[in-house]
Amino acid sequence: MSLTQILAKKTVFVQAQNILKTVRLKVMITLLDYGAGNVRSVTNALEYIGENVKVVKNSEDIISAEKLIFPGVGNFGSMIRILQQQNYLAPLKSYIQSDRPFLGICLGLHVLFETSEESQNVSGLGIFPGTVKRFDTALSVPHIGWNGINIKKPSRLFAGLSGKEKFYFVHSYHVAASENEQEVLTTSNYGYEFVSSIQKGNIIGTQFHPEKSARYGLAVLKNFLDMTLEKQMPITISTDTKLAKRIIACLDVRSNDHADLVVTKGDRYDVRENGNVRNLGKPVELARRYYDEGADEITFLNITGFRDFPLEDLPMMEVLKQTSLNVFVPLTIGGGIRKYTDKNGCTYSATEMAAAYFRSGADKISIGSEAVQIAENYLKTGKATGNSAIETISDIYGKQAVVISVDPCRIYVQSPDEGNGHSVIETNIPGPNGEKYCWYQCTINGGRKKRDIDAITLCRICEKLGAGEILLNCIDRDGTNDGFDIELISAVKSAVSIPVIASSGAGCAEHFHEVFTKTDVESALAAGIFHRNEVSIATVKTYLEEKKVEIRHTDTI
Ligand code: 1PR
């Protein structure tokens with residue numbers, strides 16, 4: 001055999017060996033889905049980084065898994081109950097006890113503990129001793145948004161990162177930093193220090209959602225899967241992390257007169273110009289653009305959802321599915337979430353509609369018109385029914401998944417007595433007849449119908465029923481570029497203890513600074529200025545940073 005032939009044979013042999021190695025290394029990632037919440041995000045994130053995903057269909061899939069990820073959402077007690085019903089609990093425990101690679105996300109971290117204050121008398125897996133606790137802070141709960149990490153121990157999880165990155169958190173319960181100190185990888189601060197990731201052998205839990213933490217989150221997922229990585233310490237070791245103020249891009253979506261689904265934008269909710277629905281772009285493309293530009297969250301509002309039936313609105317579901325394929329920040333969807341009877345007499349609950357949105361890639365749903373009707377019923381009887389859309393959806397998916405979208409407008413009055421029992425505020429923006437007082441009237445069906453309930457009362461009732469966040473629009477300011485209605489936002493923010501998203505009226509970066517310094521809102525949303533390319537998300541963030549407002553930097557990897 002000639003030297004050339006020997007070399008050629010050797011090359012083929014080495015190539016074959018490499019192929020074999022790749023096949024052997026390419027382990028299928030098993031994903032534990034127990035039916036509540038958005039496993040689609042995790043699947044999308046894993047597939048985006050080139051992994052093959054298998055979703056658990058029976059207990060055998062857990063037993064035979066080589067790498068298991070458990071993205072838990074919702075309520076601790078109902079998670080354990082469902083795991084038990086599906087015969088997943090014992091196989092999960094024995095998988096973890098065998099020390100094969102496991103990543104538990106959020107509730108998937110909580111399950112590793114003995115108990116949780118969220119559901120007394122329900123036992124977790126007890127891999128770590130201790131009880132998961134409810135946040136006990138004057139800050140808004142749930143803790144929602146992008147927060148940093150304090151590195152406590154070297155690990156492969158944060159290899160290649162600087163330690164200054166922020167990750168997306170959404171939770172009301174946490175693991176105390178004082179427990180299991182040996183195993184704590186990172187802590188974060190929200191009122192006080194809590195555990196944001198933990199590791200014992202190959203068992204890892206993160207309180208934050210890597211699948212929703214943009215490119216740095218994807219890097220964490222990759223690091224978890226790469227068992228060949230050495231333990232590393234990121235360069236920066238911070239000691240106190242800060243929650244960033246979120247900048248949210250909102251896409252009002254509806255069909256135009258040619259039946260194309262378009263992003264539109266109104267002036268005080270009127271989306272037509274010369275009789276035609278304004279067309280500002282395609283939903284999936286715009287969402288992707290805002291993700292790249294650093295949006296901390298993206299909201300889709302199906303603005304004609306009140307008259308359509310969302311379960312038949314397949315294009316809207318498709319928008320979510322397509323967007324979630326490569327947008328790795330939280331996605332909220334609203335519009336038409338209510339009980340509905342179709343033309344064949346079949347009735348669908350609001351929870352079924354929400355479930356369809358979650359399955360299509362939504363992390364949160366927003367309820368508008370239906371929330372007003374739920375609150376009106378509550379006011380009539382003074383009692384929660386236990387079966388309203390707010391209660392049922394938050395019960396299954398967790399309160400953090402339920403946003404209430406409020407569409408109020410100002411009603412001026414000469415004195416507080418003229419408010420007919422509504423929450424009247426004194427205003428610095430006098431009414432047309434010099435009125436110094438106003439209240440904020442709720443509307444439904446995209447501002448078309450006014451209701452006899454004020455925005456402050458609505459938000460209080462919705463919080464009581466289990467809502468996790470308020471999206472506070474303002475019809476008077478919508479599309480005007482005049483700035484947020486600071487008086488409305490301050491009044492609502494001080495009436496509730498859940499996070500509030502300020503919306504409507506942003507016209508320049510200074511307006512974001514104003515709303516973050518004059519009120520305590522956690523986030524601000526805008527539509528028109530972003531769609532019309534008048535101000536970019538990056539410009540807003542740079543301005544806020546110069547003014548010392550905490551923001552999340554757009555990832556550079
Ligand atoms: O009532 O549960 O079916 O939900 C319908 C949803 O659609 C509600 O959240 C409602 O706010 C929204 N909606 C309905 N009609 C309109 C409309 O404009 N005709 N859009 C509409 C409301 C308000 C904002 C907007 C901000 C920021 N859009 O979300 O994006 O005001 O705008 P800006 O920065 O340009 O000022 P349901």
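This is a conversation about a predicted model, in which a colleague asks why particular terms are applied to it.

Colleague: Why are helices α13 and α14 called roughly parallel?

Modeller: Helix α13, residues 455-465, and helix α14, residues 486-495, pack at an angle of about 30 degrees, with their axes 9 Å apart. Angles under 35 degrees count as roughly parallel, and α13 and α14 are therefore described as roughly parallel to each other. The crossing in which α13 passes α14 is right-handed.

Colleague: Which residues make that contact, and how do they divide into nonpolar, polar and charged?

Modeller: On the α13 side the contact is made by A455, I456, C459, R460 and E463, and on the α14 side by L488, A491, V492 and A495. These residues of the contact of α13 with α14 divide into 7 nonpolar, no polar and 2 charged. Arg and Glu count as charged, and R460 and E463 of α13 are among the residues in the contact.

Colleague: What makes α11 and α13 roughly perpendicular or roughly parallel?

Modeller: Helix α11, residues 369-381, packs with α13 at an angle of about 85 degrees, their axes being 9 Å apart. The range from 65 to 115 degrees counts as roughly perpendicular, and α11 and α13 are therefore placed in that class. In this contact A371, V372, I374, A375, Y378 and L379 of α11 meet T457, L458, I461, C462, K464 and L465 of α13. The residues of the contact of α11 with α13 divide into 10 nonpolar, 1 polar and 1 charged.

Colleague: How do you know whether strand β4 is largely enclosed by the rest of the structure?

Modeller: Buried means under 20% relative accessible area, and 5 of the 5 residues of β4, which spans residues 102-106, are buried, so the strand is largely enclosed by the rest of the structure.

Colleague: What makes β4 a partner of β3 and of β13?

Modeller: Two strands pair if there are at least two bridges between them. Strand β3, residues 67-72, and β4 pair in the parallel sense over 5 bridges, and L68 stands opposite F102 in β4. Strand β13, residues 203-206, runs parallel to β4 and is joined to it by 4 bridges, with I204 in β13 as the bridge partner of L103.

Colleague: Why are β5 and β10 called edge strands?

Modeller: The open sheet in question has 3 strands in the order β5-β6-β10, with mixed pairing. Its edge strands are β5, at 113-116, and β10, at 173-174, each of which pairs on one side only. Strand β6, residues 128-134, pairs with β10 in the antiparallel sense over 2 bridges, and a pair requires at least two. In β10, Y173 is the bridge partner of R134.

Colleague: Why does T332 count as buried or exposed?

Modeller: T332 lies in strand β19, residues 331-334. The cut-off for buried is under 20% relative accessible area, and T332, at 3% relative accessibility, therefore counts as buried. Leaving aside its neighbours within four places in sequence, T332 is in contact with E297, I298, T299, F300, K364, I365, S366 and V403.

Colleague: What makes N180 buried or exposed, and how does N274 count?

Modeller: N180 is found in the loop between β10 and β11, and its 14% relative accessibility makes it count as buried, since the limit is under 20%. N274 has its place in the loop between β16 and β17, and at 77% relative accessibility it counts as exposed, the term being used for values over 50%. Phi is near 55 degrees for N180, a positive value in a residue other than glycine, and near 50 degrees for N274, also a positive value in a residue other than glycine. Most residues other than glycine have a negative phi.

Colleague: How does K321 count in terms of accessibility?

Modeller: K321, in helix α9, residues 314-326, has 29% relative accessibility and counts as partly exposed, since that term covers values in between under 20% and over 50%. Not counting residues up to four places away in sequence, K321 touches R40 and S360. The C-alpha atoms of K321 and A362, which are 41 residues apart along the chain, are separated by 8.5 Å.

Conventions:
Residues numbered from 1 in each chain as written. Predicted model: local features only at pLDDT ≥ 70, side-chain atom pairs only at ≥ 80, totals over all residues. Heavy atoms only, no water. Axes fitted to C-alpha atoms, helices over the stretch in contact; angles between N-to-C directions. Parallel < 35°, antiparallel > 145°, perpendicular 65-115°, else oblique. Left-handed = near helix turned anticlockwise from the far one by under 90°. Contact = heavy atoms within 4.5 Å. Buried < 20%, exposed > 50% of the residue type's maximum accessible area, 1.4 Å probe, protein only.
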